[in-house]
Amino acid sequence: MTLSRLSELTADPAASFVLIARDGAESVELLTGDVLDVDLLADIPLTIDGTDREIFAMVPYRQVRERGFVAQDDGAPLRCLVVEEHLYLPTAELLTALPAEPVPLRDGGFDIADEEYAAIVETVIADEIGRGEGANFVIRRDFTANIDVDDRTAALTWFRALLAHERGAYWTFAVVTPDHIAVGASPEAHVVARGGVVTMNPISGTFRHPAGGATKDTLVDFLSSTKETEELFMVVDEELKMMSAVCSDGGRITGPHLKEMSRLTHTEYMLRGRSTLDPRDILRETMFAPTVTGSPMQNACAVIRRHERKPRGYYSGVAALFTPNAEGGHDLDAPILIRTVYVQDGALSVPVGATLVRHSDPHGEVSETHGKAAGVLGAIGAIDRDGAAEAREDADAPGEPRSLAADPTIESLLASRNARLADFWLNPQGDGLTGPFTGTSAVVVDAEDRFTTMLAHQLRHLGLDVTNRPWSEVTDDELAAADLVVAGPGPGDPRDLDSPRIARMRDVVSRRVDTGAPLLAVCLSHQILSDGLGIPLVPLDAPHQGLQKAVPVFGEDASIGFYNTFTARVAAGTTSAGAAEMSADPATGDVYALRGPHFASVQGHLESILSRDGIRTLERLVSHALS
């Protein structure tokens, strides 16, 4: 009955349905129902006529505008399927029923040539990361081709190939609606909310298996890469910002683990915390994964807008399934829309992106996009077909599946990564936050870097009553009423007097110093404070994005994570600036921390997972500012 139902749906061009194979399941879920397009996440109809409904939604990248971020608007709909039937199909039976004849591709190639894409990478590294606009950015291009078979037949053929041959996918899926079809095998659960527990799954680093499959030696080389390791740490930091915004306990890290797929291997962490928010609000606050956008998130969207040639559609958005639960709410399961093929009117596209960091090699990032496209095309059985030569050049058939995660050397390499990380985020923190500053109020001023959500969580852990406010909304009265103002980090050049954001942060810092009211300044705001004290600001020779350093902080060496492109710098050996005492690098004169009458500041991010001594140093600086 269920297989005949699928045949009926496939034959009806007006019908809409979704197939989902979840990791580890022995059956494939078939969802049917009517399609409803809505404007906002809040409009997703979890309740209709007083009845809780199951809803499947395709959330396009353009929805980041709900968070006030910029995006090219291609009109891709926030498409909901109001589930009428939720059936389960035995996987073995489905494999025999689905079409298996490979779908030939013609006129295949990337929409942006290799050299042109390499030039974009060079520009982003020099002009965006080099100017302090962020730590990492994902810039995508599309592999495109044409097909000569019916779109729905192609979709089911590709779904079958993924179901039969791809391994390690979190969701394997086919979404079929009259004017939008997507088929994919996403490795990454962006956000899951069940029973009040929120889980996020940052995945980073791409190891493309050589001919014959991965070996211990080739995997060791990958796991030893500085670029890959720092890339993963940066995306974990970025997703912890999101977790700290939606979870009362801030989020805890477990891992790292290997994510082994048929042609690619990644590294991943799991983040977990507790939340009472509506699942639509959880989804909004976590739009979208830094693994496919960059960090800080707001500036990443602006960089994408400046450098990508066309709108993203659903690439880097999510597929989201909202399911009624026994508690009267809805659970959420939302994988990222990557490793996905889109087809419309016989035209295929496979969007792929490379994560650009300060260590990136432009031609290496070109190769990464080839590898990712080849992974998708190979998985759907199209890699060796006519018209796919551009992908075939970089493609190898997968070897025999062989897990290396349990190898002692691999286990040791993975475990060694956590020795660099802050215990604060690796251990349970609890909800009862009664620290040394209980009863003290603080306003954290967000300068467009949601590291402030992690910073606010750590301050609450120390006992402060914290309000987190955007720079553009916080009022002078709010600032004056706070026992402590924490002027936060943000992207950009602290010397840019034409920026309204920089001007406001300068005003926040100077008012507190001039009135003698307690102030803690972090990163960008530390640089602004330094400038106000007459300390020169200069760009670093190489950006410190996601860099861990052991630095002196007023008599103690502290292991701290840095995300800065500019620094305050004095002559070597200088220890003060007016009434301010400073801790600076004895060789370069880079100023790591300042303290003076009722103020303190730090260049690094004490809240970062890279700050092993972060919570201890934060307590010391807050204590000085309040003393």
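## Exposed, buried and in between

A residue counts as exposed when its relative accessible area is over 50%, as buried when that area is under 20%, and as partly exposed in between. With that in hand, D107 is easy to place: its relative accessible area is 55%, so D107 is exposed. Keep in mind while you look around that this is a predicted model.

D107 sits in strand β7, which covers residues 106–110. There's something else to look at here: D107 isn't a glycine, yet its phi is positive, at about 55°.

## Another positive phi, and two cis bonds

F554 is a further residue other than glycine with a positive phi, this one near 50°. You'll find F554 in the loop between β25 (537–553) and β26 (556–568). With a relative accessibility of 10%, F554 counts as buried.

Now for the peptide bonds. M287 and F288 are joined by a cis peptide bond, with omega at about -20°. F288 belongs to the loop between α7 (279–285) and β16 (294–295). A cis peptide bond also links S295 to P296, and there omega is about -5°. P296 is in the loop that runs between β16 and α8 (297–307).

## The nonpolar cores

The largest nonpolar core has 55 residues, and the members that touch the most others are I44, V59, L240, I253, L283, F322 and I609. Which helix gives the most to this core? That's α6 (residues 226–246), with nine residues.

V59 is a good place to zoom in. Setting aside neighbours within four places in sequence, V59 is in contact with L41, L78, L283, M287, F288, Y314, G317, V318 and L337. M287 and F288, both on that contact list, are the pair joined by the cis bond with omega of about -20°.

Another core lies apart from the largest one; it has 43 residues, including L6, A145, V341 and L377.

## Helix α9

Helix α9 takes in 18 residues, 362–379. At 1.5 Å a residue it should span 26 Å, and its end C-alpha atoms are indeed 26 Å apart, so the two agree.

Is α9 mostly buried or exposed? Of its 18 residues, 15 are buried, so the helix is largely enclosed by the rest of the structure. After α9 comes G381, which has a positive phi near 85°.

## A crossing of helices

Helix α13 (residues 451–461) packs against helix α17 (residues 614–626) at an angle of about 75°, and their axes are 11 Å apart. Angles from 65 to 115 degrees count as roughly perpendicular, so that's how α13 and α17 sit relative to each other. The contact is made by L455, Q458 and L459 on the α13 side, and by I615, L618 and V622 on the α17 side.

## Two buried arginines on α15

Helix α15 (residues 500–515) holds R504, and R501 is in α15 too. Are these arginines buried or exposed? R504 has a relative accessible area of 16%, so it is buried. R501 is at 9% relative accessibility and therefore counts as buried as well.

Leaving out residues up to four places away in sequence, R504 touches W471, V474, T475, D476 and L479. On the same terms, R501 touches A447, E448, W471, G490, P491, G492 and L524. W471 turns up in both lists. R501 and S472 are 29 residues apart in sequence, but their C-alpha atoms are 7.3 Å apart in space.

## Cysteines without partners

How many disulfides are there? The count comes to zero. C523 is in no disulfide, and the nearest cysteine sulfur, which belongs to C301, is 20 Å away. C523 has a relative accessible area of 4%, so it is buried. C80 counts as buried too, because its relative accessibility is 0%.

## Out at D179

One last stop is D179, in the loop between β9 (171–177) and β10 (180–186). Its relative accessibility is 36%, so D179 counts as partly exposed.

Not counting residues up to four places away in sequence, D179 touches R79 and Q344. How far is D179 from L497? Their C-alpha atoms are separated by 48 Å, and the two residues are 318 residues apart along the chain.

Notes. Residues numbered from 1 in each chain as written. Predicted model: local features only at pLDDT ≥ 70, side-chain atom pairs only at ≥ 80, totals over all residues. Heavy atoms only, no water. Helix = DSSP H or I, 4+ residues; strand = E, 2+ residues; numbered from the N terminus. Expected span 1.5 Å × (residues − 1). Buried < 20%, exposed > 50% of the residue type's maximum accessible area, 1.4 Å probe, protein only. Disulfide = S-S within 2.5 Å. Core = buried A, V, L, I, M, F, W, Y, C linked by side-chain atoms within 4.5 Å. Contact = heavy atoms within 4.5 Å. Axes fitted to C-alpha atoms, helices over the stretch in contact; angles between N-to-C directions. Parallel < 35°, antiparallel > 145°, perpendicular 65-115°, else oblique.
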